[in-house]
Amino acid sequence: MKMIIKDLSKAFDKVIVLNSINMEFEKGKIYALLGRNGCGKTTFFNCLSQDLTKDRGSVQFDDGTDIQPSDIGYVYTNPMLPEFLTGYEFLKFFLEINADRGFDVKDIDAHFETIQINKDDRDKLIKTYSHGMRNKLQMLCVIIQQPKILLLDEPLTSFDVVASIEMKQQLVALKENTIMILSTHILQIAKEICDEVVVLHHGSMELIDSTKLHNDDFETEILEILREDHEQ
């Protein structure tokens, strides 16, 4: 399975953010999406998820069918969760409203165990959660959905060391059955768990030779591309 992007473009007033992007992403790989702040990474994700309306272009699977919002799991930088519910109440509600999709609603605690949220925290109000805890809960809902396409916008920056390692292991385990794109500022994350690297600069997207990912000069090459972007 592949996601085929053709001529994807988006501008805000006269500022072109995405300029006729053509790219393919395939199942079974984790793609790191790199770029400077403000280069359009989140805009790219929002166009894919249809949170934003693209100006032109198409986003389809390789069988020619259009990609729908239901095909996409989106882990936002800032999780949007109902603060008046406990973690347990929210997950129970999430599972119940998606019961027609075959989610297991019987053993809610088993779902929490997959991302190491302890029993005391499950019964606390979400408004008391740290950013990292909220991100864990958001990530859990996406993991349960098993989406065809998984978009992760800076998903690991709020986790402590242990949670970050656990979540990276979860993502690697998930990649076999999904098309996964992970936006990050941390090159080490790209080197540790990603199979391919794409760089967004000047509104265009460039696929970096994957054989260079673990070379000593990988970081230097990325920095040169992004510094060029900044200078221009």
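Let me begin with a pair of helices: the crossing of α2 and α5 is right-handed. I should say at once that what we are looking at is a predicted model, and every value I mention this morning has been computed from it.

Staying with that pair, the axes of helix α2, which covers residues 87–97, and of α5 come within 11 Å and cross at roughly 25°. Since an angle under 35 degrees counts as roughly parallel, α2 is described as roughly parallel to α5. If you want to find the contact on the screen, look on the α2 side for G87, F90, L91, F94 and L95, and on the α5 side for L137, L140, C141, I144 and Q145.

One of those residues, I144, deserves a closer look. I144 sits in helix α5, and with a relative accessible area of 12% it is buried. Which residues does I144 contact, once its neighbours within four places in sequence are left aside? They are L91, F94, L95, F103 and H111, and L91, F94 and L95 are residues that I have just named on the α2 side of the helix contact. There is also a separation to note here, in that I144 and G73 are 71 residues apart along the chain, while their C-alpha atoms are separated by 9.9 Å.

That brings me to the nonpolar cores. In soluble globular proteins, nonpolar side chains tend to be buried together. In this model the largest nonpolar core has 44 residues, and those with the most contacts inside it are L91, L150, L152, L171, V197 and I222. Helix α5, residues 131–145, supplies the largest share of this core, namely eight residues. If we take L171 as an example, and do not count residues up to four places away in sequence, L171 touches I30, M139, L150, L152, M180, L182 and I193. A second core, separate from that one, has 27 residues, with F25, C47, I181 and V198 among them.

I would add one further buried residue, T184, which is found in the loop between β7 and α7. Its relative accessibility is 3%, so T184 counts as buried, and beyond its neighbours within four places in sequence T184 is in contact with L33, L34, E154 and I189.

Let me turn now to charged side chains. Side chains of opposite charge can pair when their charged atoms come close. How many salt bridges does a search of the whole structure find? The search finds 13, and I will go through three of them.

In the pair E24 and K2, the closest N and O atoms are 3.6 Å apart. E24 belongs to strand β2, residues 15–26, and K2 to strand β1, residues 2–12, so this salt bridge ties together parts that are 22 residues apart in sequence. Both ends are partly exposed, E24 at 43% relative accessibility and K2 with a relative accessible area of 31%.

In the next pair, the side chains of E192 and K168 meet at 2.5 Å, N to O. Here the partners come from two helices, E192 from α7, residues 187–193, and K168 from α6, residues 161–174, and so the pair ties together parts 24 residues apart in sequence. E192 is partly exposed at 43%, whereas K168, at 14% relative accessibility, counts as buried.

The remaining pair is K175 with D195, whose closest N and O atoms are 3.0 Å apart. K175 lies in the loop between α6 and β7 and D195 in the loop between α7 and β8, so that distant parts of the chain, 20 residues apart, are linked. D195 is partly exposed, its relative accessible area being 25%. There is also a network, in which salt bridges that share partners join E26, K29 and E196.

Finally, a word on the backbone. Most residues other than glycine have a negative phi, and most peptide bonds are trans. D13, in the loop between β1 and β2, has a positive phi near 55°, and at 81% relative accessibility D13 counts as exposed. Q50 also has a positive phi, near 70°; Q50 is found in the loop between α1 and β4, and at 41% relative accessibility Q50 counts as partly exposed.

Terms used: Residues are numbered from 1 along each chain as its sequence is written. This is a predicted model: local features need pLDDT of at least 70, side-chain atom pairs count only at pLDDT 80 or more; totals for chains, interfaces and linings use all residues. Side-chain values use heavy atoms; hydrogens and water are left out. A salt bridge is a side-chain nitrogen of Lys or Arg within 4 Å of a carboxyl oxygen of Asp or Glu. Helices (H or I, at least four residues) and strands (E, at least two) are DSSP runs, numbered from the N terminus. Buried means under 20% relative accessible area, exposed over 50%, partly exposed in between (1.4 Å probe, protein chains only). A nonpolar core is a set of buried Ala, Val, Leu, Ile, Met, Phe, Trp, Tyr and Cys residues joined through side-chain atoms within 4.5 Å. Contact means heavy atoms within 4.5 Å. Axes are lines fitted to C-alpha atoms, for helices over the stretch in contact, and angles run from 0 to 180 degrees between N-to-C directions. Angles under 35 degrees count as roughly parallel, over 145 as roughly antiparallel, 65 to 115 as roughly perpendicular and the rest as oblique. A crossing is left-handed if the near helix is turned anticlockwise from the far one by less than a right angle, and right-handed if clockwise.
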